[in-house]
Amino acid sequence: CSDEKCRVSHDLTDTSSKGISVISSIKWVNLNTVFFFDGNGDMIGSFRFNRKGIFLTGCVKCRTPRPLPAGEEGVFYWSVVFEGSELVLYISGEEHWRQELVGECAERYSDIQEFAFGDIGCDGVWYEAEGQMVSGSHFTDNDTCGSECAE
């Protein structure tokens with residue numbers, strides 16, 4: 001996932017950004033992971049979650065606040081969005097979790113220019129915001145593996 005050909009260029013902190021939208025399984029043990037990178041290509045951290053918890057490197061570690069909505073075979077449409085200084089997780093179109101980032105944490109995540117997927121699995125599909133995102137050359141379709149990017 002650290003290969004730049006497996007990343008998607010997108011300013012997630014831009015107020016016009018709709019965030020990252022994905023359809024994938026949400027399981028009890030396996031984590032869905034999105035890695036964040038700054039304008040220099042350096043990893044800032046990662047956002048990880050499953051049915052038990054939500055984690056933001058260096059900032060947030062908590063239990064999932066409420067049960068996930070029922071979904072066919074555990075597959076859900078979810079989005080990770082920065083709304084000002086708040087990080088929001090939407091699941092099936094509904095706000096599931098919101099956390100204001102303050103101090104060092106807010107500063108750390110204020111310049112996300114690229115993202116990459118990890119631990120989501122190849123059955124996932126992400127949605128590219130037309131005119132806002134540029135996917136790395138290893139992406140052939142909008143699968144979360146990026147074909148050659150799978151771990």
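This report describes the overall make-up of a predicted model, then one strand, one loop residue and the disulfide.

The model is predicted, so local features need pLDDT of at least 70 and side-chain atom pairs count only at pLDDT 80 or more, while totals for chains, interfaces and linings use all residues. Residues are numbered from 1 along each chain as its sequence is written, and side-chain values use heavy atoms, with hydrogens and water left out.

**Overall make-up**

The protein chain contains 1 helix and 12 strands; helices (H or I, at least four residues) and strands (E, at least two) are DSSP runs, numbered from the N terminus. Their order along the sequence is β-β-β-β-β-β-β-β-β-α-β-β-β. The chain has 151 residues, of which 45% count as buried. Buried means under 20% relative accessible area, exposed over 50%, and partly exposed in between (1.4 Å probe, protein chains only).

About 7800 Å² of the protein chain is exposed, and carbon and sulfur atoms supply 45% of that area. Accessible areas come from the Shrake-Rupley method with a 1.4 Å probe; for residues, only the protein chains shown count as cover. Of the contacts (heavy atoms within 4.5 Å) between residues at least 6 apart in sequence, 57% join residues at least 24 apart.

**Strand β2**

Strand β2 spans residues 20-25 and is mostly covered, with 5 of its 6 residues buried. It runs antiparallel to strand β7 (residues 75-83), and 6 bridges join the two; strands pair if DSSP finds at least two bridges between them. Within this pairing, V22 stands opposite W78 in β7.

**Residue N50**

N50 sits in the loop between β4 (43-49) and β5 (53-56). N50 is buried, its relative accessible area being 4%. Its side chain makes the polar contacts tabulated here (pairs of N or O atoms within 3.5 Å; within protein, one must be able to donate a hydrogen and the other to accept it, and residues adjacent in sequence count only if both atoms are side-chain atoms).

| Side chain | Partner atom | Distance |
|---|---|---|
| N50 | W28 backbone oxygen | 3.0 Å |
| N50 | V29 backbone oxygen | 3.1 Å |

**The disulfide**

The structure holds 1 disulfide, defined as a pair of cysteine sulfur atoms within 2.5 Å. C59 and C105 form it, with their sulfur atoms 1.8 Å apart. C59 lies in the loop between β5 and β6 (60-63) and C105 in helix α1 (residues 103-108), so the pair ties together parts that are 46 residues apart in sequence. The disulfide is right-handed because the torsion about its S-S bond is about 125°. C59 is partly exposed, at 29% relative accessibility, whereas C105 is buried, at 13%.
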